[in-house]
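Student: I should like to learn how salt bridges and surface exposure are read from a model. Could you take me through an example, one feature at a time?

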Amino acid sequence: MKKVTEIKSRSLRKERNADLLRRMRNGEQLASFNSYASWFPPRPIIQKDIHALQELYGNDVVAMNASQGDAREAGASDMMPLRLA
């Protein structure tokens, strides 16, 4: 029984290789699926809720975020330093 399945698997492999070579010679696409079919759109941009931050950390956070926004527009780093109370 083992030899029969081995012969079948060899012939199946030969058929698949022959098909692959034929597609390569014809310049056909070799991918098994379309890459756009699995494409996910980019994630949305989530903005900070300034009112929630103000309730949690006070007015200093609002002032710090405003100054960071000005610095970003001027071309500074987007890394906002964390300040824990």
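Tutor: Let us begin with a single side chain in this predicted model. Arg-10 has a relative accessible area of 44%, so Arg-10 is partly exposed.

Student: Which residue does the side chain of Arg-10 meet in a salt bridge?

Tutor: The general idea is to look for a side-chain nitrogen of Lys or Arg within 4 Å of a carboxyl oxygen of Asp or Glu. Here the partner of Arg-10 is Glu-6, with an N to O distance of 2.8 Å. Glu-6 is partly exposed as well, at a relative accessible area of 33%.

Student: Where do Arg-10 and Glu-6 lie, and how many residues apart are they?

Tutor: Both belong to helix H1 and are four residues apart, which is about one turn of the helix. Helix H1 itself covers residues 2–26.

Student: How many salt bridges does the structure hold?

Tutor: There are four. Consider next Asp-19, whose salt bridge with Arg-22 has its closest N and O atoms 2.5 Å apart. About one helical turn separates Asp-19 from Arg-22, because they are three residues apart in helix H1.

Student: With which residue does the side chain of Asp-19 also meet at 3.6 Å, N to O?

Tutor: That residue is Arg-23, and the contact is again a salt bridge. Asp-19 and Arg-23 are four residues apart in helix H1, so they too are separated by about one helical turn. Through shared partners, the salt bridges join Asp-19, Arg-22, Arg-23 and Glu-28 into one network.

Student: Are Asp-19, Arg-22 and Arg-23 buried or exposed?

Tutor: The class between those two words applies: partly exposed lies between under 20% for buried and over 50% for exposed. Asp-19 has a relative accessibility of 30% and therefore counts as partly exposed. Arg-22, at 39%, counts as partly exposed. Arg-23 has a relative accessible area of 21% and is likewise partly exposed.

Student: Which residues form a nonpolar patch on the surface?

Tutor: A patch is sought among residues with over 30% relative accessible area and no salt bridge, nonpolar side chains being joined within 5 Å. In this model, Leu-20, Leu-21, Met-24 and Leu-30 form such a patch, and together they have about 340 Å² of accessible area.

Student: Where does Met-24 lie, and why does Met-24 count as partly exposed?

Tutor: Met-24 lies in helix H1. Its relative accessibility is 49%, so Met-24 counts as partly exposed.

Key
Residues numbered from 1 in each chain as written. Predicted model: local features only at pLDDT ≥ 70, side-chain atom pairs only at ≥ 80, totals over all residues. Heavy atoms only, no water. Patch = residues over 30% accessible without salt bridge, like charges linked within 9 Å, V, L, I, M, F, W, Y side chains within 5 Å. Areas by Shrake-Rupley, 256 points an atom, 1.4 Å probe, with all protein chains shown as cover. Helix = DSSP H or I, 4+ residues; strand = E, 2+ residues; numbered from the N terminus. Buried < 20%, exposed > 50% of the residue type's maximum accessible area, 1.4 Å probe, protein only.
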